[in-house]
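Thanks for making time this morning; I would like to walk you through a few charged side chains and then one patch on the surface. Please have the structure open while I talk.

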Amino acid sequence: MLGVAGTAFALQGNMALVLIKIHRRESNQDSLLGEMTVYRPFGGGSSFPLRFQILELPFIDNINNVSSIPAGSYPAKVRTDGHKGWRLELTIPSRSNVQIHSGNTTKQILGCILIGTRRSGRHAVRASQLAMALLRNEVEENNRHPEIKVSIFDEYSAASCSIGGDL
């Protein structure tokens with residue numbers, strides 16, 4: 001079993017399982033920053049975990065389109081409709097349309113998670129399209145419909161939180 005915050009997932013021998021771990025490392029008035037690791041515990045895909053930088057809005061009472069989501073474990077699925085193209089959508093209780101998608105700044109987030117290959121200061125990630133292409137290759141390697149599990153961990157301290165501006 002794999003679980004975070006009281007939520008458990010049975011691995012059930014799914015050889016097409018993709019695990020995504022998001023570690024939120026910094027928090028400020030305008031954003032959350034951290035790292036995302038993507039891997040396949042039963043083989044397939046890259047021979048090493050993929051690592052990306054993430055950018056989210058700060059947590060504000062789990063309000064849809066305004067807040068990041070609570071730390072925890074969530075199933076995800078691939079979406080390809082609409083103007084955003086390929087992306088992952090998480091199933092979050094009491095929330096809808098929470099996605100991992102491309103974008104560079106908090107102005108492009110409505111409660112979602114942006115990924116990039118690197119950070120740019122405290123309010124942006126860069127090379128987001130490249131990061132999404134790498135993520136897509138990993139998720140779709142050998143199986144176009146894998147089981148996807150996303151676990152989010154809050155690891156920032158109260159000292160990293162800023163009131164009234166950047167750190």
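**Salt bridges in a predicted model**

Let me begin with glutamate 89 and arginine 79, whose side chains form a salt bridge at 2.4 Å, N to O, and I should say at once that this is a predicted model. Glutamate 89 sits in strand S7, residues 87-90, while arginine 79 belongs to strand S6, so the pair ties together parts that are 10 residues apart in sequence. Both glutamate 89 and arginine 79 are buried; for arginine 79 the relative accessible area is 18%, which counts as buried because the limit is under 20%.

Arginine 79 also meets aspartate 81 in a salt bridge, at 2.7 Å from N to O, although aspartate 81 is partly exposed, with 39% relative accessibility. Arg79, Asp81, Arg87 and Glu89 are in fact linked in a network of salt bridges.

The count for the model comes to 11 salt bridges, and another of them joins glutamate 56 to arginine 24, with the closest N and O atoms 2.8 Å apart. That pair links distant parts of the chain, since glutamate 56 is in strand S5 and arginine 24 in strand S3, residues 17-27, 32 residues apart. Glutamate 56 is buried, with a relative accessible area of 0%, and arginine 24 is buried as well. Leaving aside neighbours within four places in sequence, the contacts of glutamate 56 include Ile22, Leu32, Ile69 and Cys112.

Finally, the surface: Ile60, Ile63 and Val66 make a nonpolar patch of about 220 Å². Valine 66 is placed in the loop between S5 and strand S6, and is partly exposed at 38% relative accessible area.

Terms used. Residues numbered from 1 in each chain as written. Predicted model: local features only at pLDDT ≥ 70, side-chain atom pairs only at ≥ 80, totals over all residues. Heavy atoms only, no water. Buried < 20%, exposed > 50% of the residue type's maximum accessible area, 1.4 Å probe, protein only. Contact = heavy atoms within 4.5 Å. Patch = residues over 30% accessible without salt bridge, like charges linked within 9 Å, V, L, I, M, F, W, Y side chains within 5 Å. Areas by Shrake-Rupley, 256 points an atom, 1.4 Å probe, with all protein chains shown as cover. Salt bridge = Lys/Arg side-chain N within 4 Å of Asp/Glu carboxyl O. Helix = DSSP H or I, 4+ residues; strand = E, 2+ residues; numbered from the N terminus.
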